[in-house]
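Dear colleague,

I am handing over the structure below, and after it you will find what I noted while going through it. Please read the notes with the structure open beside them.

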Amino acid sequence: MKRRDFLKSTAALAGASAVSAPAIFSSAKAQTRNETLLIVSESGPNNVDIHGVGTNVPGYEVSWNCYDRLISHEMKTGPSGQPYYDKDKFKMELADDMNVGDMSATFKLKKNATFQDGTPVTAKDVKWSLDRAVTVGGFPTFQMRAGSLTKAEQFVVVDDNTFRVDFAKKDRLTIPDLAVVVPAIYNSELVKKNATEKDPWGMEYTKLNTAGSGAYKVTSWTAGSEVIMERNETWKGGPLPKIKRVIWRMVPSAGNRRALLERGDADISYELPNKDFVELKSAGKLNIISTPFSNGCQYIGMNVKNPPFDNPKVRQAVAYALPYQKIMDAVLFGLGKPLFGGPEKAVEAAWPLAHKYNTDMAKAKALMAEAGYPNGFETTISFDLGFATVNEPLCVLVQESLGQIGIKCEINKIPGANFRTELNKKTLPLYTNVFSGWLDYPEYFYIWCYHGNNSIFNTMGYQSKDMDALIDGAVTAAAAGDKAAWEKDVKGFVDLAYTDIPRIPLFQPYSNVAMQKNVSGYAYWFHRRLDYRGFSKA
Amino acid sequence: MTAIPLLDVRDLTVEFATRRGIVRAVQHVNIQVAKGETIGIVGESGSGKSVTSYAVLRILDRAGKIAEGSITFSGIDVAAASESEMQDLRGSEISMIFQNPRAALNPIRKIGQQIEDVLLTHLKADARDVTEKAVEALDQVRIARPRERYHAYPFELSGGMCQRVVIALALACRPQLMIADEPTTGLDVTTQKTVMDLITELTRERGMSTILITHDLGLASAYCDRVIVMEKGRVIETAPSRAIFTAPSHPYTRKLMRATPRPGITLRDLLPEEPGGPRLVVGKEAPRSGEPLLTVTKLIKEYPRKGVGKTLATMFRRGPAPETETFRAVDGVSFAVNRGESVGLVGESGCGKSTTSSMVMRLIDHTDGVIMFDGQDIGEIPAEKFAKLPIRKRIQMVFQDPTDSLNPRFTAARAIADPIMRLGDVKGRDALRARCEDLAKQVGLPVELLDRFPHQLSGGQKARVGIARAIALKPDLIILDEPTAALDVSVQAVVLNLLQDLKEQLGMSYLFVSHDLNVVRLLCDRVIVMRGGKIVEEGPTERVLFAPEADYTKELLSAIPHRDFDVPAKGSELRLAAST
Amino acid sequence: MTDTPVQAPTHGIAAIIKHSRYVIAENKVTGFSFGLFVLIVLAAVIGPYVVPYDPLASATSVALKPPSAAHWFGTDQLGRDVFSRVIVATRLDFFIAVASVALVFAMGGLAGVAAGFFGGWVDRVVGRIADTIMAFPLFVLAMGIVAALGNSVQNIILATAIVNFPLYARIARSEANIRRDAGFVQAARLSGNGDIRIVLTQVLPNIMPIMIVQMSLTMGYAILNAAGLSFIGLGVRPPTPEWGIMVAEGAAFMVSGEWWIAFFPGLALMIAVFCFNLLGDGLRDIVDPQRRT
Amino acid sequence: MLTLIFKRMLMAIPSLIGVVIVTFLLTRALPGDPAAYFAGPAATKEAVEQIRVKLGLDQPLIVQFGRYVTDLAKGDLGSSLTTGQPVAKEIRARLPASAELTLLGLIVSMAVAIPLGILAATKPGSMIDHACRVITTAGVSLPVFFTGLILVYLFYYQLGWAPAPLGRLDIFTSPPKSITGLYLIDSLLAGNLEVFWASLKQLILPALTLAIFSLAPIARMTRAAMLAVLASDFVRTARASGLSEFTVIVTYAFRNAMLPVITTLGMVFSFLLGANVLVEKVFAWPGIGSFAVEALIASDFAPVQGFVLTMAIMYVALNLLIDVLYGLIDPRVRVEA
């Protein structure tokens, strides 16, 4: 309150002669505030096109809100009562109707849908967009492949208003993959106009400009400091959103972000240290919503190709030596779902599941001795500096615990941009990371993280014929709709992963969002970014 | 002096707070200056003469304060006056000129403006006519084209010209008293005389009183009515100029007088009378007829006029290149020094005498010419190599500033031992120490001082260390580069005698570089006078000094203020009469 | 210059002590900084043996506790004792400061002396190197070096030294240049000393006092530099206690009220830098009273 | 004077070349692989290699350097990986923010430090002198990020006197029409006092942080220079001529003392540009300093190179400016040229 008075008095002093009625001015301001959502986060997009080369995660958020897809997901109620996307139920976005056949799916487009520049959305645009996704390479092509969408021939324009996707093979991930962020629909004419010979897909243009039919459009973007998005008044993908204007500011200091929230200057923020969320929650001034990451976990990975972690006994020893509860308490402040101390065997076909290990130094030491390392060894534990708030204290605790069984580790901080590169070399002996998949299916996670087919997220270099067989079995069973076989295989590969233990899950992180009490409409999405379309301010 | 004096200093004591506690720089000093009188305050460094004058103007350093006594200036109690009263007094009633005139002027302000500042402060002019009056003030000190010079900055003027500006500044408001603190120190001999004459003339014209502060008895005798001699903060003698020189009453005055080099005396006359009589009778004998030890032929030294910047600038300049890109500091000098001979190399600053000596010393390389030393062309050996050759030890040097020439981190013994360790044949610690002690005894340095560092030695002691170092290798030739310029006269007298004694004992030759003809005369057999890099006159000392042939030599000689030392100045007698 | 006898001299260490005592007595602030310096050295030397807790041992049950009798400076996120960590960190920070200053003295000081004494191409080369370094924003250069070479204590020391190179080179150069033509250097030449010997025995010892003053002042800067690097994540590796990294870690807790985690290391950092700066001033008073700034 | 400027510019060229080479080598030595970054997380080895060839990173260093220099000559500083923007554009957009902050910091610091230094010099050894020394030393002993954090905590979070540390303007004020890029000046030019106040309020804390850090060098240099000048002969002459204390200190002493102070200002500015990096991080200031830090951490070559080069050019320009100022004050320099 004091601050307000202070501001008012200085403003009055400054503008006494210039502004005749400061009161009116303030109320005008207040009104805009009600329709403006101010988001603060640590980092912002580097590219507003998800198809772009090296587009970062904040870029996904812009794409999600500024582009439409053919289909999206319905909402259900999540674990803590918040809206939560329903992975099994689809909702039409640009499509008016979806007809899934045996080896193809046919979509009718919404007749009145237009792009933000007023041109109508046609099947041609849809094909061009999906062709682009499977052709440009990099992340979009990779993500499309997850749903067995690999070739431009799979996308067929039936007529201006009808579009068909042919399946390459039976894959239960094909339809869900059309509802992720990547298969966004672009205004092909507009982009082509801005394409060059060297850049046939107009990537340079879409890097800086939005060319979609989505609910919002980027009106101003200062890289690294601010993105301003305005509502698309002619959006047809759903009911017109309440929020007219979204201002997204990058505030690198977490302390400042918290202060901004607490003082009521920012409406919403989702990148805060866990401790701040816990305290903000208990203070009760803000709405805090925490949701466990779907299909994801933070884990300790070990390189199984090289000694000493090629020895499963050593890996098990590590699994027994980790300070799980300490991490839950001191690092996460309870904001995480434990994935340790579970039953011996998987009791349900789901993922993530808690493993059987828990802190037991005696067992760990015994296993070390059995493995032939009674005096331990030296190694390095690496983490991504970009997530130092969690990773650093976590590694310090791990380092301390492993020290007790003779494993001396040096902590190696790797800057965010290099972490992926380092991981992909598959040589880091010991590291911590988070992996989560957009498509919430156990076999999806396992294909990427455990399959011996040199999968890129199998950063442990883990190879096991049994594992490969179980994963392949589950995929086939799912496509065929054989639930029992699928369940058996899923339980099988989870048990195997926990016996061989190349990576030790620690916990399922929470996706935390803090917002002012007058802000409502937050929904959890698989991509864990904000969907502005549901928000409103009282 | 029946009238109330213009300035009456009574029982003045000035104290300074220093690290060693309270130091009394001036103790119980009494000085009276009558209207129109010129008095001289004479003393060696540390005598308190300058402090006294600062006290009169109350411009002492922060650490100093007037502890006792009174200063009355035309009825105003200076010690008790307020700061604003003092500001009114300074520059307007009492003004002061300082030594080193260039430093005494604000380097970044036009000289005209500096005069204006004073005029405006004392309301002697207003904004409309201030420039006119400043120009007038410059004109009065005989500055040609004053209107142009008004816009000059101090660095654009010569030292003499700067001193004129300082005088103009001091006289601008027509004060009643002017204090001149060593006004000619730092100026060339010829300029010194012009400046002193100007001061005398202008102050007499205006009927002003003047206090001339100087270390130079000759100067005081030539220009003052009365002389006050100070030593260690006390006035030890006050007398009319003539009286003080004809019948000095205080032993210190007598010592000071004797020590002042002047025509018609020998080196030994400089020393105080000793009960036991002179230690060694050294006559001024005819030049020894030794064969030449050093022969310098057509020596030339050129310097590039400017550094890299200049060449860069010329690279981009269009049109013909400037005529000369080099500057000749020494331009075809030829002379010889015989064995056992002392040769004086005399000239004003910038005449090339130091450059010549450095080349002979083989500290710098010459551009052209021949330097033959004992039959060997040492000019051919690059200076860098020369340092390590055995011949190095045969040519040594005594430096101008004894403080600067001793490494502050070396003890006296270490300084003396350094050449012996490098080039000498004495080996072993004890032998080395013994040799140092011998040398110390030879130069009259108490052996117990050998372990002191330079800052713990007095000026004379440091000079002795420097001399001991120079003779340590028993050289054939020593170059004396103004060895006494930084010393007080009484110390100078002792050092000059020491040098003469050593020369006799060790049979060395001297090349004595100096600007002071009187000193050269005492020590040298022959004199070479240089100007602008060239030799203007050369010959036996007596001949050159008493029957100079070159106009420049004549000019130099006439500029020495104490030429007719023992004869009271006519003018001063007249002035004395007028003031009583 | 008079020939009056100088008062009885004192020699060597006794003189220095006497002089130092005078300076300390005269300037309370310097005396205070000398006291602080002794404390810092003490903490660096015996700190790790006397602290109440293991600075690395976590105790999550007492995490984030405010200062109390058991934990004077409170505890951090992992329940480590902030007091113990602050004290133990002294050694590393002090080491970084001393090592970087020694290194830059060896590089910059010698290069500068050579440049000032020999002039010519040596001077030009050293001058160019110094100019080039100066044209960088210094902190960013330090960051760049550490980022490129990896964040280890050695590289932090190296980076700090390189960044300070121009300063040392310049001071040493101008000091050597003044003395290049000094009488005593000429005299040494006449005594048959070669250039190298002259530099080592005549010039270098005389510019040491100025350099030591500079070293004391730069020690403070070295600590700040290391702390700044830690703050942006380029400092020493966790969990090693180091003031900068502790402030950086604690910064996030400031807003939530756990001020002690950042505050005490920050305070220690400030006191140490403050002490080195004042000490430099004080040393300057001893070495060279005229030059005090 | 012009010759002097020209000469200085010529002399700066070798340093700039040095900066270009050192920066190039340093950035190549940064860990991380831009090819792998561009190829994305899911890329195969072959894909990474393809991109490497496309980016020219497979060429020998000397060839890469040649290409970099050619691009540089065309004014092309490359594009940032993390923000995806051309570096030249980023720097153009961000430089005014940093410049405004640094300059204001310097001005605030000078406004405090110079009078403090003069005061200390006129009363050496007094309480004021000691206080000046202790305060300025304390200022320079505080790490800037720490000062910044404490100021934000105190004045924004606890007391609420300062606005949110959210960059150059609060969210609901739009920036003035860009003329100089400095909001304070642009808003005044536009006659928009409200924006002026808004941007001033945002500037106060970060500028203060910088000012606290830079008090010491300026105050100390002022003090030392004033002490030296006050002890000089011409000040004694001025005093002996009865000039008032004010004239002596301001017209005579201070103008002369300004010469070394101006030289110091150049150093301080360079010093502040470094400190700026940390301050911008704390205050979410959209300047080039924070931009460079992020880029460096992310091994993002182009912005780092562009930033360092910009800084080096600014440093050279600043030194030129100082030379010019010096020449304006000191007639001796003008003649030398």
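B:Ala468 is buried, because 26 other C-beta atoms lie within 10 Å of its own and 20 are enough for a residue to count as buried. Please keep in mind here, and for everything that follows, that this is a predicted model. The residue sits in helix α16 of chain B, which covers residues 459-471. Leaving out residues up to four places away in sequence, B:Ala468 touches B:Ile416, B:Leu439, B:Ala440, B:Gln442, B:Val443 and B:Leu445. B:Ala413 is 55 residues away from B:Ala468 in sequence, and the two C-alpha atoms are 9.8 Å apart in space.

Staying with chain B, strand β13, made of residues 342-346, is mostly covered, with 5 of its 5 residues buried. B:Ser342, B:Gly344 and B:Val346 point one way from this strand, while B:Val343 and B:Leu345 point the other way. In general, the side chains of a regular strand alternate between the two faces of the sheet. Strand β13 of chain B has parallel partners in β18 (residues 509-514), to which 5 bridges join it, and in β19 (residues 526-531), to which 4 bridges join it. Within these pairings, B:Val346 stands opposite B:Ser514 in β18 of chain B, and B:Leu345 stands opposite B:Ile528 in β19 of chain B.

Chain B also holds an open sheet of 6 strands, in the order β6-β7-β8-β3-β9-β10, with mixed pairing. The edge strands are β6 (94-97) and β10 (234-240) of chain B, each of which pairs on one side only. Neighbouring strands in this sheet are turned against each other by 20 degrees on average, direction ignored. Inside the sheet, strand β7 of chain B (residues 177-181) runs parallel to strand β8 of chain B (residues 209-214), and 5 bridges join the two; the bridge partner of B:Met178 in β8 is B:Thr210. Helix α6 of chain B, residues 159-171, packs on this sheet, where it touches β6 and β7 of chain B, and its direction makes about 175 degrees with that of β6.

Which elements cover the buried residues of helix α10 of chain D? They include α1 (49-57), β6 and α6 of chain B, together with α9 (193-230) and α11 (245-283) of chain D, so that the edge strand β6 of chain B and the helix α6 that packs on the sheet appear here again. Helix α10 of chain D spans residues 233-240, and 7 of its 8 residues are buried, so it is largely enclosed by the rest of the structure. The buried ones are D:Phe234, D:Val235, D:Arg236, D:Thr237, D:Ala238, D:Arg239 and D:Ala240. After this helix comes D:Gly242, whose phi is positive, near 80 degrees.

Turning to chain C, you will find 10 helices and 0 strands there. Of its 293 residues, 61% count as buried. If one takes the contacts in chain C with a separation of 6 or more, residues 24 or more positions apart account for 67% of them.

How many residues does each of chains C and D bring to the contact between them? Chain C gives 37 residues and chain D gives 44 residues. On the side of chain C that touches chain D, the elements giving two or more residues are α4 (120-135), α5 (138-149), α8 (195-231), α9 (243-254) and α10 (260-287) of chain C. The largest share of that side, 9 residues, comes from α10 of chain C. By type, the residues of the side of chain C that touches chain D divide into 26 nonpolar, 8 polar and 3 charged.

The last topic is the nonpolar cores. The largest one has 527 residues, and of these C:Met143 and C:Ile223 touch the most other members. The largest share of this core, 20 residues, comes from α11 of chain D. Leaving aside neighbours within four places in sequence, C:Met143 is in contact with C:Leu229, C:Ile232 and C:Leu234, and also with D:Val293 and D:Leu296. Apart from this core lies another one, of 5 residues, among them D:Leu182, D:Tyr183, D:Phe196 and D:Ala198.

With best regards

Terms used. Residues are numbered from 1 along each chain as its sequence is written. Chains are lettered from A and ligands numbered from 1 in the order in which they are written. This is a predicted model: local features need pLDDT of at least 70, side-chain atom pairs count only at pLDDT 80 or more; totals for chains, interfaces and linings use all residues. Two strands pair if DSSP finds at least two bridges between them. Axes are lines fitted to C-alpha atoms, for helices over the stretch in contact, and angles run from 0 to 180 degrees between N-to-C directions. Two residues are in contact if their C-beta atoms, placed from the backbone, lie within 7 Å. A residue is buried if 20 or more other C-beta atoms lie within 10 Å of its own, exposed if 12 or fewer, and partly exposed in between; C-beta atoms are placed from the backbone. A nonpolar core is a set of buried Ala, Val, Leu, Ile, Met, Phe, Trp, Tyr and Cys residues joined through C-beta atoms within 7 Å. Ala, Val, Leu, Ile, Met, Phe, Trp, Tyr, Cys and Pro count as nonpolar, Asp, Glu, Lys and Arg as charged, and the others, Gly among them, as polar.
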